[in-house]
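Me: Could you take a close look at one part of this model, the nonpolar core, and tell me which helices build it and how it sits within the chain?

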Amino acid sequence: MMRLLHRIMLVGLAGALLAAPVSSQKPDDQIHPRSLELMRQGETLLAEGKFVDADDALEASLVVDPRNRAAFVVMARVAQKQKLFGQAIRFTNKALALEPRDLDALAVQGEAMVELGAVPRARDNLAKLQKLCPSGCRQLAVLSAAISRGPTAVASVKPPASPKTN
């Protein structure tokens, strides 16, 4: 009888320990306040033109809470300012993996695609935005203007006149 009681107590204790972390988890729509604070700090640094510091603050924001998709979008904007358009697309892909209907992520990704010369893919993002906000929204206007303008950074780089030989 004593042996059975000890086993029952051990199973009960193990079950209680395993259930404790589950009860303390937050829903996906609640982002850690420290993560939001670091993200706002990163936005401020981006506005000041301090790209490395902004990137550091945004990375710290994502370490605190990796579900902060707005931080991914701001990181994409930092990458765009540094003309790292492929990296901007990767960051927006991470934001869109968390929420496929994120208007800011779709617009920033479309802008980066335009800069890389992938205008048809940017038009796909424009079509998604038109479905998500049929009455019009800021993101729709920004992406539409970027597509109309065309690539600016990539177009200014001229290829070499003749191919190099080894």
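Reply: What follows describes the core, after a short note on the chain.

This is a predicted model, in which local features need pLDDT of at least 70 and side-chain atom pairs count only at pLDDT 80 or more, while totals for chains, interfaces and linings use all residues. Residues are numbered from 1 along each chain as its sequence is written, and side-chain values use heavy atoms, with hydrogens and water left out.

The chain has 8 helices and 0 strands, where helices (H or I, at least four residues) and strands (E, at least two) are DSSP runs numbered from the N terminus. Of its 166 residues, 33% are buried, that is, under 20% relative accessible area with a 1.4 Å probe and protein chains only, whereas exposed means over 50% and partly exposed lies in between.

The largest nonpolar core holds 37 residues, and those with the most contacts inside it are L58, L129, L140 and I147; such a core is a set of buried Ala, Val, Leu, Ile, Met, Phe, Trp, Tyr and Cys residues joined through side-chain atoms within 4.5 Å. Two or more residues each come from α2 (33–47), α3 (51–64), α4 (69–81), α5 (85–98), α6 (103–115), α7 (119–132) and α8 (138–149), and α4 gives the most, with 8 residues.

Leaving aside residues up to four places away in sequence, L140 touches L126, L129, Q130 and C133, a contact being heavy atoms within 4.5 Å. Across the chain, 53% of the contacts between residues at least 6 apart in sequence join residues at least 24 apart.
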